[in-house]
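This briefing walks through one protein structure for a first-year reader. Please look at the sequence and the model before reading on.

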Amino acid sequence: MAKTQLNVRVDEGTARAARERALERGMSVNRYIEELVRQDTGEAGRAFVDAAADFMKQYESVFAEEFEAGSPARTTPRDGRR
C-alpha cells in the first residue's frame, strides 16, 4: 500500500506519550499512530471479525463434532461433577 506523509503538530506531553507508548509496544511512532487511526475507524474490528469468521469456517466440523450440533445441551460437566 502506498504511504502518504502527514505532518502533525501536538504539544510536548502528547508527543512524549506517543513515543513512550510506541516504545512499550516495540513499534515506531508512525506505526503506533497508524494503528490508533485504524482502530478508531474500525478497520481493526473488521479484521478481527473477518479472522473469526474464517476460523469458524475452518473449524466448523470440529465444533459440530465436539458439541453434537442439534443435540440437547449437556446438563453435567464431562468429568461427571454436578
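The notes below go from the whole chain to its aromatic rings, its largest pocket and its salt bridges.

The model is predicted. The protein chain holds 3 helices and 0 strands, and its elements run α-α-α from the N terminus on. Of the 82 residues in the chain, 5% are buried.

**Surface of the chain**

- The protein chain exposes about 7,800 Å². Carbon and sulfur atoms supply 54% of this exposed area.
- A nonpolar surface patch of about 580 Å² is made by F55, M56, Y59, V62, F63 and F67.
- M56, one of the patch residues, is found in helix α3. M56 has a relative accessible area of 42%, so it is partly exposed; the range for that class runs from 20% to 50%.

**Aromatic rings**

- A pair of aromatic rings is described by the distance of the centres and the angle of the planes.
- How many aromatic pairs does a search of the whole structure find? The search finds 3.
- One of the pairs is made by F55 and F63, with ring centres 6.3 Å apart and planes at 75°. This pair is edge-to-face because of the angle between its planes, the cut-off for that class being over 60 degrees.
- F63 also pairs with F67, again with 6.3 Å from centre to centre. Here the angle between the planes is 15° and the pair is stacked, as planes under 30 degrees apart count as stacked.
- F63 and F67 sit in helix α3, which covers residues 43–67. They are 4 residues apart, so about one helical turn separates them.
- F55, Y59, F63 and F67 form one aromatic cluster. These four residues are also among those that make the nonpolar surface patch.
- Are the Phe residues of this cluster buried or exposed? F55 counts as partly exposed because its relative accessibility is 41%. F63 is partly exposed as well, at 32%. F67, at 55% relative accessibility, counts as exposed.

**The largest pocket**

- Rolling a probe the size of a water molecule over the atoms shows where empty space is left.
- The largest pocket has a volume of about 750 Å³. It is lined by 20 residues, and the closest to its centre are L6, V29, N30, I33 and E34.
- Helices α1 (12–25) and α2 (29–41) each supply at least two residues of the lining.
- Which helix gives the largest share of the lining? Helix α2 does, with 7 residues.

**Salt bridges**

- A search of the whole structure finds 6 salt bridges.
- In helix α1, R21 and E24 are 3 residues apart, about one turn of the helix. They form a salt bridge whose closest N and O atoms are 3.5 Å apart. R21 counts as partly exposed because its relative accessibility is 37%, while E24 reaches 58% and so counts as exposed.
- In helix α2, R31 and E35 lie 4 residues apart, about one turn of the helix. Their salt bridge has its closest N and O atoms 3.0 Å apart. R31 has a relative accessible area of 43% and is therefore partly exposed. E35 is partly exposed too, with 22%.
- Helix α2 also holds R38 and E34, which are 4 residues apart, about one turn of the helix. The closest N and O atoms of their salt bridge are 3.2 Å apart. R38 is partly exposed, with a relative accessible area of 24%. E34 counts as partly exposed at 24% relative accessibility.
- Salt bridges that share partners join K3, R31, E34, E35 and R38 into one network.
- E34 thus links two topics, because this residue belongs to the salt-bridge network and is also among the residues closest to the centre of the largest pocket.

Definitions and conventions:
Residues are numbered from 1 along each chain as its sequence is written. This is a predicted model: local features need pLDDT of at least 70, side-chain atom pairs count only at pLDDT 80 or more; totals for chains, interfaces and linings use all residues. Side-chain values use heavy atoms; hydrogens and water are left out. Rings of Phe, Tyr and Trp (its six-membered ring) pair if their centres lie within 6.5 Å; planes under 30 degrees apart count as stacked, over 60 as edge-to-face and the rest as tilted. Buried means under 20% relative accessible area, exposed over 50%, partly exposed in between (1.4 Å probe, protein chains only). Patches are made of residues with over 30% relative accessible area and no salt bridge: like charges are joined within 9 Å, nonpolar side chains (Val, Leu, Ile, Met, Phe, Trp, Tyr) within 5 Å. Accessible areas come from the Shrake-Rupley method with a 1.4 Å probe; for residues, only the protein chains shown count as cover. A salt bridge is a side-chain nitrogen of Lys or Arg within 4 Å of a carboxyl oxygen of Asp or Glu. On a 1 Å grid over the protein atoms alone, a cavity is a set of points where a 1.4 Å probe fits but cannot get out, and a pocket is an open set with protein on both sides within 12 Å along at least five of seven lines; lining residues have an atom within 4 Å of a point. Grid points are joined across faces, edges and corners, and a volume is the space filled by probe spheres set on the points.
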